[in-house]
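Reader: I'm new to this one and would like a close look at a single part. Could you pick the loop that carries the aromatic cluster and walk me through what it touches?

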Amino acid sequence: MAWSTTTTTTRSPQVPCMFIFGDSLVDNGNNDQLLTISRANYPPYGIDFAQGSSGRFSNGRTLADVLAQLLGFRDFIPSYALAQSSSILKGLNYASGASGIRDETGNNLNLYNLGARKFAIIGVGQIGCIPYELARMNNRNEKNHCNEEINRAISIYNNGLIKMIDRFNNGELPGANFVYVNTYESSKDVAGNATSYGFEVLDKGCCGVGRNNGQITCLPFQQPCPDRSKYLFWDAFHPTEAANVIYARKAFGSTDLSEVYPMNIKQLASCV
């Protein structure tokens, strides 16, 4: 099935809102206005994306973008940096390139003291009613409604997951709706069955600098490979949109617990 860079669904989303935490694998523009070299708001990033160079570290959609489509959202989940109050109730994307759980993560890339890492170190226990706080809504009815929606939200993380799963199993996060998406295991499957997935190039980036285009990310206005669908990697660190679609489909519907734990996102959505 071919995917476009915009959604065409007319159905209602399977969950009311979705929150995304992580690094450049799912960043959708939070770093664009930060003084950091960990940015992707220039061509050829976004060469296959309808919004162009939006800050996504890929030629097209990220894993989080495709998951939002699979969950039935009509639009992509907005970035924290650019979200309007009217759209916040469907969720936010806090992911930021070079971020991590530890405070020192990405210090070599961030020139600004508050750096990119600040977006991804918010734990589940700190979420509360994020849309209410961000929109600074004063209407208590809105706040109550928001709290109800957050209780049914899905949160996607792509770092620090093992500690979160331990906390969940220890009963510290009894209401957390999350899944562990193991893209490493998915990558092994894709690499081992490259032909069946349509990939021809597994050991070289479509765009980048250095050995196998794998030492530095894409330079501004660099000419990428002509057929991105044949490449597993877009640049030195990030998958192509073609790979992200496969990983998202696995996260959404895989029954392999080594890839998605403790259940897939489709099952999780049916429970909230």
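Author: Here is a walk through that loop and its partners, with a short look at some other charged pairs afterwards.

Keep in mind that this is a predicted model. The protein chain has nine helices and seven strands, and 49% of its 272 residues are buried. Of the contacts between residues at least 6 apart in sequence, 66% join residues at least 24 apart, and our loop gives some nice examples of partners from distant parts of the chain.

Start with the rings. There are five aromatic pairs in the whole structure. One of them is Y45 with W234: the ring centres are 6.0 Å apart and the planes meet at 65°, so this pair counts as edge-to-face, the label for angles over 60 degrees. Y45 sits in the loop between strand 1 (18-21) and helix 1 (63-70), while W234 sits in the loop between strand 6 (231-233) and helix 8 (241-253), so the pair ties together parts 189 residues apart in sequence. Both residues are buried. They also belong to a bigger group, since ring pairs link Y42, Y45, F57 and W234 into a cluster.

Now for charge. D48 is in that loop between strand 1 and helix 1 too, and R228 is in the loop between strand 5 (201-205) and strand 6, 180 residues away. The two form a salt bridge, with their closest N and O atoms 2.7 Å apart. What about cover? D48 is partly exposed at 27% relative accessible area, whereas R228 is buried at 14%. R56 does something else: its charged end sits over the ring of F76, 5.4 Å from the ring's centre.

The loop leads into helix 1, and there eight of eight residues are buried, among them L63, D65 and Q69. After helix 1 comes G72, with a positive phi near 95°.

For a comparison, look at the other salt bridges; the structure holds seven in total. K188 and E185 pair up at 3.4 Å, N to O, and both lie in helix 6 (residues 183-192), three residues apart, or about one turn. K188 is partly exposed at 45%, and E185 is partly exposed at 22%. K250 and D189 also form a salt bridge, at 2.8 Å between the closest N and O atoms, but this one reaches from helix 8 to helix 6, 61 residues apart. K250 is buried at 12%, D189 is partly exposed at 24%, and a network of salt bridges links these two with E259.

Terms used. Residues numbered from 1 in each chain as written. Predicted model: local features only at pLDDT ≥ 70, side-chain atom pairs only at ≥ 80, totals over all residues. Heavy atoms only, no water. Helix = DSSP H or I, 4+ residues; strand = E, 2+ residues; numbered from the N terminus. Buried < 20%, exposed > 50% of the residue type's maximum accessible area, 1.4 Å probe, protein only. Contact = heavy atoms within 4.5 Å. Phe/Tyr/Trp six-rings, centres within 6.5 Å; stacked < 30°, edge-to-face > 60°. Lys NZ or Arg CZ within 6 Å of the ring centre and 35° of its normal. Salt bridge = Lys/Arg side-chain N within 4 Å of Asp/Glu carboxyl O.
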